[in-house]
Amino acid sequence: MDTETHRDDAAGRLRAAGLKVTAPRLAVLDAVSGHGHLDADAVLARVTGTLPGTSLQSIYNVLGALTDAGLLRRIEPAESPALYESRTGDNHHHVVCTRCHAVADVDCVVGEPPCLAPSDSAGFAIHTAEVTFWGLCADCQRELAG
């Protein structure tokens with residue numbers, strides 16, 4: 001997909017979510033889309049090439065608006081800053097390396113969302129289960145074995 005088509009698609013997604021199309025929102029969507037799980041500092045580093053002078057606070061504001069609109073997903077693995085990803089609308093989970101903190105997506109554990117059912121829902125109508133698996137990624141396993 002060429003840059004102009006990608007930009008038009010992002011602008012359409014912003015409008016469909018009821019958000020005004022702005023350069024910072026387009027830049028943050030572009031920075032996060034297809035790049036895995038990024039914290040605000042990594043997003044800022046990717047955005048400053050296109051929008052020099054952008055502040056970290058501005059990045060947090062845009063990330064918050066895009067997350068609230070459902071265009072990004074925020075995850076918060078233990079002992080990690082919040083991470084943002086563009087994969088939304090499904091009920092996938094995450095696996096985190098306990099050594100290098102790499103994060104990867106894993107599809108739903110079993111069956112239809114919410115995948116897992118608590119033994120007692122305490123009266124809640126459960127629609128999502130957010131699961132984080134912890135282990136060693138393949139790179140860290142190789143390093144430790146070698």
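1. Let me start with a pair worth finding on your screen: Arg-99 and Glu-143 form a salt bridge through their side chains, at 3.0 Å from N to O. Arg-99 sits in the loop between β3 and β4 while Glu-143 belongs to helix α5 (residues 138-145), so this contact ties together parts of the chain that are 44 residues apart in sequence. As for accessibility, Arg-99 is partly exposed at 39%, and Glu-143 is exposed, with a relative accessible area of 55%.

2. A word on confidence before going further. This is a predicted model, and the mean pLDDT of the protein chain is 88, with 92% of its residues at 70 or more. Among the elements, helix α4 (residues 56-68) has the highest mean pLDDT, 98, and helix α1 (residues 3-16) the lowest, 84.

3. Now the overall layout. The protein chain has five helices and five strands. Read from the N terminus, the order is α-α-α-α-β-β-β-β-β-α. Along the principal axes, the C-alpha atoms fill a box of roughly 50 × 45 × 30 Å. The chain has 146 residues, of which 31% count as buried. Of the contacts with a separation of 6 or more, 43% are between residues 24 or more positions apart.

4. Which residues touch the most other members of the largest nonpolar core? They are Val-28, Val-43, Ile-59, Leu-63 and Leu-66, in a core of 23 residues. The elements that contribute two or more residues to this core are α1, α2, α3 (40-47) and α4. Helix α2 supplies the largest share, six residues. If you would like one residue to centre your view on, try Ile-59: leaving out neighbours within four places in sequence, Ile-59 is in contact with Val-28, Ala-40, Val-43, Leu-44, Val-47 and Thr-54.

5. Arg-25 deserves a second look. This residue lies in helix α2 (residues 23-32), and Arg-25 is buried yet has no salt bridge. The nearest side chain of opposite charge is that of Asp-68, 9.3 Å away. For a salt bridge, the nitrogen and the carboxyl oxygen would have to be within 4 Å. What does the side chain of Arg-25 have close to one of its polar atoms? The backbone oxygen of Lys-20 lies 2.9 Å from a polar atom of that side chain. Beyond four places in sequence, Arg-25 touches Leu-14, Leu-19, Lys-20, Val-62, Ala-65 and Leu-66. Leu-66 also appears in the core list above, among the residues that touch the most other members.

6. Back to charged pairs. Side chains of opposite charge can pair when their charged atoms come close. A search of the whole structure finds seven salt bridges. One of them joins the side chains of Glu-85 and Arg-73, at 3.9 Å from N to O. Glu-85 is in strand β2 and Arg-73 in strand β1, 12 residues apart, and the pair links distant parts of the chain. Are these two partners buried or exposed? Glu-85 is buried, with a relative accessible area of 2%, and Arg-73 is buried too, at 13%.

7. Another salt bridge joins Asp-105 and Arg-87, whose closest N and O atoms are 3.6 Å apart. Here strand β4, which holds Asp-105, is linked to the loop between β2 and β3, which holds Arg-87; the two residues are 18 apart. Asp-105 is partly exposed, with a relative accessible area of 29%, and Arg-87 is partly exposed at 28%. Shared partners extend the picture: salt bridges join Arg-87, Asp-90, Asp-105 and Asp-107 into one network.

8. Finally, two backbone angles to check. Most residues other than glycine have a negative phi. Glu-79, however, has a positive phi of about 60° although it is not a glycine. Glu-79 is located in the loop between β1 (73-75) and β2 (83-85) and is exposed, with a relative accessible area of 79%. The phi of His-101 is also positive, near 70°. His-101 lies in the loop between β3 (93-97) and β4 (103-106), and His-101 is partly exposed at 46% relative accessible area.

Note on methods:
Residues are numbered from 1 along each chain as its sequence is written. This is a predicted model: local features need pLDDT of at least 70, side-chain atom pairs count only at pLDDT 80 or more; totals for chains, interfaces and linings use all residues. Side-chain values use heavy atoms; hydrogens and water are left out. Helices (H or I, at least four residues) and strands (E, at least two) are DSSP runs, numbered from the N terminus. Buried means under 20% relative accessible area, exposed over 50%, partly exposed in between (1.4 Å probe, protein chains only). Lys and Arg count as positive and Asp and Glu as negative; His and the chain ends are not counted. A polar contact is a pair of N or O atoms within 3.5 Å; within protein, one must be able to donate a hydrogen and the other to accept it, and residues adjacent in sequence count only if both atoms are side-chain atoms. Contact means heavy atoms within 4.5 Å. pLDDT is the predictor's confidence in each residue, from 0 to 100. A nonpolar core is a set of buried Ala, Val, Leu, Ile, Met, Phe, Trp, Tyr and Cys residues joined through side-chain atoms within 4.5 Å.
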